[in-house]
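Visitor: Please give me a close look at a single part of this model, the way its side chains pack, and keep the account connected from one element to the next.

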Amino acid sequence: MTAQVLRAKALDIVALVKPNIMVMSLLTAAGAMSLAPGTVPLSTALVLLLGTGLIVGSANTLNMWLERDLDCLMTRTKNRPLPQQRLQPNTALVFGGILGALALPTLLLAGVVPAALGLVALLIYVGVYTPMKQRSHLSTWIGGIPGAMPALMGWTAATGRIDAPGLAVFGVLFFWQIPHTHAIGIYRQREYEAAGMKTLAGMRGPLAARISIVAYLFVQVMISILPVLLGVAGTLYLITAVVLGAMVLIQALAGDGSTKWARNVFLTSIIYMPILFAMMVVSGRS
């Protein structure tokens, strides 16, 4: 193989881990770890982040392997390495398996609790959430657990236990995913239906999805206040949570439930969460 071909293969293998999702997972794990009480040794922090990266990479790779045929049917996924046959399915399966096998002993170095949480996240994402997407829109709730788990892994690496403040941080990330995912389901409804993916909009109609989005945006904003009440974050974060929460609620209530509205809700959510979480970390450590 030429150097150019090798580079292309390497990039395709990296694409299997869904780098954007991995970066977000690592940032939330690091942020939650920094918010937790006490001082985390550098060695613990490094192995936690390495193990988190490995477990997230494994879950995403195995998800792509399982959904390789469905990905061919959707615009947003049809150019991935497996649908385009730039990589063999067995390559992805072996790669994902190796990442998972390396992740668990690595996470054990950070603690039994984060390792157990990482294993649970992997099993739920690959074994429950991925196949459930073709059966029920309730998969949105199942997928939210592994999506928010890196934060709880980071928290427990620092504290060694699952407690109310850690669950509050987890909850902020978990409930954010519900309206975020339902919004995708509205504006990509045709693609999802073509691939056999079950969404709330597809199973109960766009109006039900819109009502759910608005309702869970209210829940999301309420949950975002919990870190302040539990002493995780301070006044600066509270102001940010209230202002951002008001903005997303006004946008949601003023919309007409169209695909354009849903896409705007989705795009706003992508901006909302990084700002909110960053301010939580800054406020909590200041």
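Guide: What follows goes from the nonpolar core to the aromatic rings, then to one helix and the loops beside it.

The model is predicted, so local features need pLDDT of at least 70 and side-chain atom pairs count only at pLDDT 80 or more, while totals for chains, interfaces and linings use all residues. Residues are numbered from 1 along each chain as its sequence is written, and side-chain values use heavy atoms, with hydrogens and water left out.

The largest nonpolar core (buried Ala, Val, Leu, Ile, Met, Phe, Trp, Tyr and Cys joined through side-chain atoms within 4.5 Å) comprises 76 residues, and L48, V169, M273, L276 and M280 have the most contacts inside it. Helix 8, residues 164-187, contributes the most to this core, with 11 residues (helices are DSSP runs of H or I, at least four residues, numbered from the N terminus). Once neighbours within four places in sequence are set aside, V169 is in contact (heavy atoms within 4.5 Å) with A32, A151, W155, V232, F277 and M280. Another core lies apart from the largest one and has five residues, including L16, L82, L87 and A92.

Turning to the rings, a search of the whole structure finds seven aromatic pairs (Phe, Tyr or Trp rings, the six-membered one for Trp, with centres within 6.5 Å; planes under 30 degrees apart are stacked, over 60 edge-to-face, the rest tilted). W141 and F175 make one edge-to-face pair, at 6.3 Å centre to centre and with 85° between the planes, and this pair links distant parts of the chain, since W141 belongs to helix 7 (residues 139-159) and F175 to helix 8, 34 residues apart. W141 also faces Y216, with ring centres 5.0 Å apart and planes at 75°, so that this pair too is edge-to-face. Because W141 lies in helix 7 and Y216 in helix 11 (residues 206-223), the pair ties together parts 75 residues apart in sequence. W141 is partly exposed, at a relative accessible area of 26%, and Y216 is partly exposed at 25% (buried is under 20%, exposed over 50%, partly exposed in between, with a 1.4 Å probe and protein chains only). W141, F175 and Y216 join F170 and F174 in one aromatic cluster.

Helix 5 (residues 89-108) spans 30 Å from first C-alpha to last over its 20 residues, close to the 28 Å expected at 1.5 Å a residue (1.5 Å times one less than the number of residues). Its buried residues are A92, G96, L99, G100, A103, T106 and L107; seen down the axis of helix 5, they fall within an arc of 135° and therefore line one face (the arc is of directions from axis to C-beta atoms). The buried residues of helix 5 pack against helix 1 (3-16), helix 3 (42-66), helix 6 (112-132) and helix 7, whereas the face turned away from its buried side carries the exposed residues N90, V94, A101 and L108.

Two loop residues complete the view. Q85, in the loop between helix 4 (68-71) and helix 5, has a positive phi of about 60° although it is not a glycine, and Q85 is exposed, at a relative accessible area of 66%. K18, in the loop between helix 1 and helix 2 (19-35), likewise has a positive phi, near 55°, but K18 is buried, at 12%. Most residues other than glycine have a negative phi.
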